[in-house]
Every structure is written in structure tokens, then in C-alpha cells.
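Please open the structure in your viewer and keep the selection tool at hand. The stops below say what to select and what is there.

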Amino acid sequence: MWILAQVGIWRVQELQSNQYDHDDSPNVAITASSTNSPIVQSLVLGILHQQRREDGAFRIPFSNPIEHEKCIENDESDIYRGIEFFPGEAMVALMETWQQILDSMRHAFQFYSEYYYSHQNTLDTNYHIFQIQAFSRLASILWKKTNKSLDEKLFVDRVSAYVQHLCLDITKSPSWKQLKQGKRFYPNLRTLEIACGLDSIVDGVQLSKLMGNNDQSQVLQYHVEHAVEFLRWVSDQSTEH
């Protein structure tokens, strides 16, 4: 738990000190050697092979390849089982090689944003964490593109709004609500939940600042500060014991 606290604090220190902007970020500045690596290309193609053409969803094969191929046409479980974790993780990985897969991410956005808005009141916050990280990267890359068309600007605004909604949903979870009520509630909170949520919300703050949405960034920054206070408390408790 102490390590999680330190990671969360580091992300906020990075945000506050502007240690790097998005142009120099390791999430964006992918070198030619890394994207052209045969291993990386094989992994990227493996992920893209699991994307459904008709709606952009990613399949999540839990069975062996032969059984998986048999059930693809009639079984939707390979789309929705593990949707909280695996598609988001896959999209984060794809965004690390963004030069090759922007079209895939645009396509994926249609499916996962629609899924979110139609299941908004039933989704576990685990769904939000990797969605924020993946699509904040997408929006950041597209926002910095010069000579954007009107359609491109509108699409980035939609992605940004999606990220903002996901971030705010995290802050409305019971644990995050308790953060604002003071240290007497700290022993009841789960460090992992707060640290993982913070990691994603920091991405939301960075995106809002990049796009000049100061009101949005201030709202999220307020929650970030409460999370940092909690993680510092966790770190202090670990040190004392």
C-alpha cells in the first residue's frame, strides 16, 4: 500500500511541476525503433485482430483458440466478460504505439462510449480507469494535430467530454466521497482504489489543461488534492509502523 501511495503522489507532483508536457511525454513520444520493433508490431496486430469490424469492440478470448473461433458468431461473452479491465488495458497499450492505430481507436470510441452512456448507472469504476487513460491519450494526440477540420475538433470534444464524465463518476464513488469528509474516514478507505482512481484523474486534469478547459481541470484538481492528502497519510502510517 505504501508503494501505491508513493506512485499516486508522484503522479500529482508530475502534474503540479509540469515535469513534461504531452509532446515530451513517454506516453506520446514513441520512437521509430520502438514502434517498428517486430515484437511490438506483432503484439499490436494481435490486439487489432481481436477488434470487431462492425462496432469497434474488442474480443476477450478466455478459451483456447479453436473453441474461441467456434463461439465468436453466437456468443457475446467474449465482448462483455472482463469489460472493466481488458479492453481498456488493450487500448492503453495501443495508444503507446499511436501512430499505427488512430483509426482503430476512433472506431473503438464509438462502441465503448455508447456502452458507457447506456450502462452508466451500473458500471463498476474499474471500467473507468483504463478508459480514461486510453482516451485521454487519444484526445491529446488529436488535439495537437495542426489544421484540424471541424469534424475532427468536434470528435475531440466528444472524447474529452467522455473522459470528463468518467473522471467525475470516479469521484462520486463511496470511497471518493469519504475523502472529502476528513481523516476520521481514512481507515475505512482502500488505498488501491484511491491510487488507481487518482492515476486516471490526473490524466483527465492534464487533458483539460491541454485543451484550455480550466473549469474542468479545477473541478478535478479539487478531488486530486483530497486523494493526495489521503495517500500521504497512508505513507506516514506505513513509516510509523
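Patches are made of residues with over 30% relative accessible area and no salt bridge, with like charges joined within 9 Å and nonpolar side chains (Val, Leu, Ile, Met, Phe, Trp, Tyr) within 5 Å. This is a predicted model, in which local features need pLDDT of at least 70 and side-chain atom pairs count only at pLDDT 80 or more, while totals for chains, interfaces and linings use all residues. Residues are numbered from 1 along each chain as its sequence is written, and side-chain values use heavy atoms, leaving out hydrogens and water.

Select F62, F85 and F86 to see a nonpolar surface patch, which together has about 280 Å² of accessible area (Shrake-Rupley method, 1.4 Å probe, only the protein chains shown counting as cover).

Next, select helix α8, residues 126–143 (helices are DSSP runs of H or I, at least four residues). Because 15 of its 18 residues are buried (under 20% relative accessible area, 1.4 Å probe, protein chains only), α8 is largely enclosed by the rest of the structure.

Now turn to the rings, where a search of the whole structure finds 17 aromatic pairs (Phe, Tyr and Trp rings, the last by its six-membered ring, with centres within 6.5 Å; planes under 30 degrees apart are stacked, over 60 edge-to-face, the rest tilted). Y115 and Y127 form a tilted pair, with ring centres 5.7 Å apart and planes at 45°. Y115 lies in helix α7 (residues 102–118) and Y127 in helix α8, so this pair ties together parts that are twelve residues apart in sequence.

Finally, select F135 and Y162, an edge-to-face pair at 5.7 Å centre to centre with 75° between the planes.

How values were computed:
A salt bridge is a side-chain nitrogen of Lys or Arg within 4 Å of a carboxyl oxygen of Asp or Glu. Helices (H or I, at least four residues) and strands (E, at least two) are DSSP runs, numbered from the N terminus. The expected span of a helix is 1.5 Å times one less than its number of residues. Buried means under 20% relative accessible area, exposed over 50%, partly exposed in between (1.4 Å probe, protein chains only).
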